[in-house]
Every structure is written in structure tokens, then in C-alpha cells.
Amino acid sequence: MNPLSLKEAFRKIFDAEPMLVKSPGRINIIGEHTDYNGGLVMPAAINKAVYVAISKRDDEQIQLYAESYQEKYVGNINAVSKSEKSWANYILGVVHGLLKLGHTLSGFNLYIYGDVPLGAGLSSSAAIECATAYALSELHGLAIPKMDLALIAQKAEHEFAGVNCGIMDQFASVFGQKDYAMMLDCESLKHEYIPLKLEGYKLVLFNTNVKHSLSESAYNKRRAQCEQGVAWVKAHHPEVEYLRDVSPEMLSEYVLPKDAEVYTKCNYVVAEIARVKKAAVALKDGRLAELGKLMLETHEGLSKAYEVSCKELDFLVEQVKEVEEVLGARMMGGGFGGCTINIVKDEAIDELTAKLTQLYHEEFGLNLSTYVVETGNGSEIVD
């Protein structure tokens, strides 16, 4: 659906003239499971987005329409609460957050459409929240700073969607810039734009189309192990707050003697934060092959040390590891399913996709989805 079609669909349903806003999905180049350890991540916004058409009403109703569900929600601006329609909660959570901060909102009509693939780990939920926050800010002339929009969107995910996510997804959706990744410090929220020049290469995502149920329990266990490691180090170094403050030497001295498994998990995180810094230097120097090597190291760490991969993700990385036209590959996201992210030479994409699709189906009896993505801008008004 193009912007003109979206405006037309909006007019048909709401009989009003809309403003149009978009917020993108995101990828994470490197820096996995570092966010909740106060570490560094390197996301980039992509050219797949959630689009919101919006207009004020002259009453206090909230009227929402979701294109992908062909479904309407009607509520009231003075009584915002969770809905049984899960898609509406991402929007209502943002409305609730804005009102709690003391912003005055009128009733409004909102039509939502997106081309961010669902369930692929590209943060479609953050894109919905950020598009909504940005649209409401623009519609009501609130001039809310970008970082505040990202934090409002994150809180909506916590309170109305029930997902205790870090700030990376919403940050990338709001702050993205075409041709750049962003190195974000998840503790201070300071960030730096890093040029992502991919001359002759593309970012290709291979979606396993699986999500193993182990995901949530393992995530909670990893967080607990990281916190335990920090506590053991902190007993000797009171200044330590997160794993990002911990050196490999501290881990060897204070964590390894107590618990080898906790040591291994913490050591992965400390090494991954260092890899993000190396990746930033490599990209500034235009050394794309170096970034590829670091991505492969990250996958090895996520699979063997942090143990959040799965046989499907490992299979996809293993198949491309020795392919000359692939500079790097790794699992992306929380783990136990979702996508691998790959840097692939332009002319090799079609052949590699066909080969991998066949091999994957033969091995697991599953279909492989492929997305070729480019970097894009963050939240913005669409003309």
C-alpha cells in the first residue's frame, strides 16, 4: 500500500483528511544481549516501516483501524485501558503514557498499516509505538524531543504489551538515518552515527520461521546469570553497576572460581561489548570484511557460550560461513529462532537464496523467508 492508497483508505473509513507518519523496523548489526547489561549495541533502521494516518476528532473518541487485521477499535480518550485486541494495545499504551506525562490530547482517528514482517525480529511493535508517539506529538503540536518519544514508546511496550524490552528497538525506530548504523550506549543513552557503506553488498535476512518455546525462560536465566556475575565482582569493586563495567580479568578472579557457567555467560557479554567497539572502528575505516569476521565471532559466542541459538540458526550460518561472497553472518535478536543477518555480494544474492532455501527445506521440512533490507530514516512525516 503506497501513501496515496493509505490516505484514500483513511478517507473512506473516517471521512477526514489525514496526516501521514512512518516509523521503521530495525536490524541490529552487532551487539546482542548487551543491552540489559548496560552495554553497547549497533542497530540501524530499515526501509520497511509502519505507516500511521491520523486526524483529530471533535469529540473524545479514539477510533483505530488496523489494515492487517481489517479490524476497528473504538475507545475514549478519558478512559484509556488495555484492549482484548492486542494490536490496539501498542497504540493505547502510547496514548496512556502521553496522558500520564500531562500532555493534552483530543480524540483522534488512526489507520495503521505496515510492511515490517511480523515475528521476524525486526521490531514491528516498536515501529507501531514510535509511529503513534510521533504522530500524536505532531498532530497536537507537542514538540516532544526524540529521546522522550523513544522512552514513551518503550514504556508502552512494558505496561500495555507486557514485554520488558530494552531501549534499542524504539531508539532505532526514532533516530534511524539512511546509510548509517548507530552505536548506542544503553546505560547513558549517548549515541554516535556510524557510516554503513555497503558498496557492492547488501544486508540479507534469512528467517528460520521458527520460535522455540525455550526463549523466555532462557532469557530470564541469562539475565539472572549476568546479574549474579556483576554481584560477585561488585563485592570487590563497589563502583561496578553492569557487566559493561567489568574486565575479563575481574571475571577470571571473582566469577570463574565460584561458577564456571556464570563465568562463560558473563565473558560472552564482555567480549561482545568489545566487538561492538571494534565494529565501529572497522566501519569508519570502510573495512566491511572486518565487520563480517566480528559478526561470525558473535554468532559463535551466542551459539556455544551464551547458548541462545538453535539448530536452525546454526545451520543457516554454517552453510554460508565458507561462501566467498558472504562477508559475515550471525543470528540476530533474542535467539531460539528468528533471522540470521548476512552481508552478501549483490550478484550472489539470488543464487545463494535459492540454494539455501532448498537445503533448509531438505534439512528441516520448513520454508525459508528472505528479506533484502536497506538502511532507512527514523520516524518522519510522509508527504
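**Salt bridges and cores, by the cut-offs**

Asp185, Glu187, Arg244 and Asp245 are linked in a network of salt bridges. This is a predicted model, where local features need pLDDT of at least 70, side-chain atom pairs count only at pLDDT 80 or more, and totals for chains, interfaces and linings use all residues. Residues are numbered from 1 along each chain as its sequence is written, and side-chain values use heavy atoms, with hydrogens and water left out.

Q: Why is the pair Arg26 and Asp169 called a salt bridge?
A: The rule wants a side-chain nitrogen of Lys or Arg within 4 Å of a carboxyl oxygen of Asp or Glu. Here the N to O distance is 2.7 Å, so the pair qualifies.

Q: What makes Arg26 buried or exposed?
A: Buried means under 20% relative accessible area, exposed over 50%, and partly exposed in between (1.4 Å probe, protein chains only). Arg26 has 7%, so Arg26 is buried. Asp169 is buried too, with 18%.

Q: Why does Glu261 count as partly exposed or buried?
A: Its relative accessibility is 35%, so Glu261 falls in between and counts as partly exposed. Its salt-bridge partner Lys265 is at 3.9 Å, N to O; Lys265 itself is buried, at 1%.

Q: How do you know that Glu307 and Lys265 meet in a salt bridge?
A: Their N to O distance is 2.9 Å, so the pair passes the cut-off. Glu307 is partly exposed, at 40%.
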